[in-house]
Each structure stands twice: as structure tokens, then as C-alpha cells.
Amino acid sequence: MAFADSRVSAQVWENETLSLTAPEGEYFDGVVSAYYGSPENFECGADVTSIVFNYFVGNTSGQIPASNGIFGDPCPGVY
């Protein structure tokens with residue numbers, strides 16, 4: 001496998017599963033940023049880059065549930 005300067009991004013709602021696949025012949029070698037919280041209120045959220053890093057880096061694809069069980073609840077009372 002080779003690495004090229006490709007970027008993959010996605011957004012999912014709470015309790016959905018984020019699924020990402022690297023471009024053919026590539027793998028994930030880093031995570032630029034990952035955020036879990038309300039898209040309307042950036043004061044209500046958490047930087048979860050290190051958690052997402054552990055799910056994807058070194059793999060050609062991966063999945064991570066967008067759930068408070070994995071990321072905590074950065075916005076109590078907000079779905």
C-alpha cells in the first residue's frame with residue numbers, strides 16, 4: 001500500500017455509525033481533527049481526535065459508533 005495526500009471526511013448523527021474507507025491502495029495514517037457534539041453549538045462538544053485515531057490509523061477502512069458510550073456526553077440534555 002502507498003500513501004498519497006488524500007483526505008476523507010464524513011459527518012453522522014448521534015447513534016449512527018461512521019464508516020470510512022481510504023482510497024484504493026491507501027490507508028489511514030493520521031486524523032487531522034475529530035469533533036463530537038452539537039453542530040449548531042460549538043461550545044457544546046469535545047475534541048475526540050485521539051479516540052478516532054485509534055479506530056482508523058493503520059487500517060484501510062473502519063467504523064466507529066457516534067455514541068456517548070464511546071465519546072462521553074459533551075452536551076447533556078442535547079440529542
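**In what order do the elements of the chain run from the N terminus on?** They go β-β-β-α-β-α, which adds up to two helices and four strands. Helices (H or I, at least four residues) and strands (E, at least two) are DSSP runs here, numbered from the N terminus. This is a predicted model, where local features need pLDDT of at least 70 and side-chain atom pairs count only at pLDDT 80 or more, while totals for chains, interfaces and linings use all residues. Residues are numbered from 1 along each chain as its sequence is written, and side-chain values use heavy atoms, with hydrogens and water left out.

**View 1. The whole chain in its box.** Taken along the principal axes, the C-alpha atoms fill a box of roughly 45 × 20 × 15 Å. Of the 79 residues, 25% count as buried; that word means under 20% relative accessible area, with exposed over 50% and partly exposed in between (1.4 Å probe, protein chains only). The chain exposes about 5,400 Å², and carbon and sulfur atoms supply 49% of that; accessible areas come from the Shrake-Rupley method with a 1.4 Å probe, and for residues only the protein chains shown count as cover. Now for contacts, meaning heavy atoms within 4.5 Å: of those with a separation of 6 or more, 53% are between residues 24 or more positions apart.

**View 2. The largest nonpolar core, with twelve residues.** A nonpolar core is a set of buried Ala, Val, Leu, Ile, Met, Phe, Trp, Tyr and Cys residues joined through side-chain atoms within 4.5 Å. Here the members are Leu18, Leu20, Ala22, Phe28, Ala34, Tyr36, Val48, Val52, Phe56, Ile64, Ala66 and Phe71. Two elements, β1 (17-21) and α1 (49-56), give two or more residues each to this core.

**View 3. Phe56 and its partner ring, Phe28.** Leaving aside residues up to four places away in sequence, Phe56 touches Leu18, Leu20, Phe28, Ser61, Gly62, Gln63 and Ile64. Rings of Phe, Tyr and Trp (its six-membered ring) pair if their centres lie within 6.5 Å; planes under 30 degrees apart are stacked, over 60 edge-to-face, and the rest tilted. That rule gives a count of two aromatic pairs. One of them is Phe28 with Phe56, an edge-to-face pair at 5.6 Å centre to centre and 75 degrees between the planes. Phe28 sits in the loop between β1 and β2 (35-37) and Phe56 in helix α1, so the pair ties together parts that are 28 residues apart in sequence. Both Phe28 and Phe56 are buried.

**View 4. Glu14 meets Asn68.** Look for Glu14 in the segment before β1. Glu14 is buried, at 17% relative accessible area. The side chains of Glu14 and Asn68 share a polar contact of 3.3 Å. (A polar contact is a pair of N or O atoms within 3.5 Å; within protein, one must be able to donate a hydrogen and the other to accept it, and residues adjacent in sequence count only if both atoms are side-chain atoms.)

**View 5. The disulfide between Cys44 and Cys75.** The structure holds one disulfide, defined as a pair of cysteine sulfur atoms within 2.5 Å. Cys44 and Cys75 are joined at 1.9 Å, S to S. Cys44 lies in the loop between β2 and β3 (45-47) and Cys75 in the segment after α2 (68-71), so this link ties together parts 31 residues apart in sequence. Cys44 is buried at 11% relative accessibility, and Cys75 is buried at 5%. Pro76, also in the segment after α2, is exposed, with a relative accessible area of 64%. From C-alpha to C-alpha, Pro76 and Cys44 are 8.9 Å apart in space.
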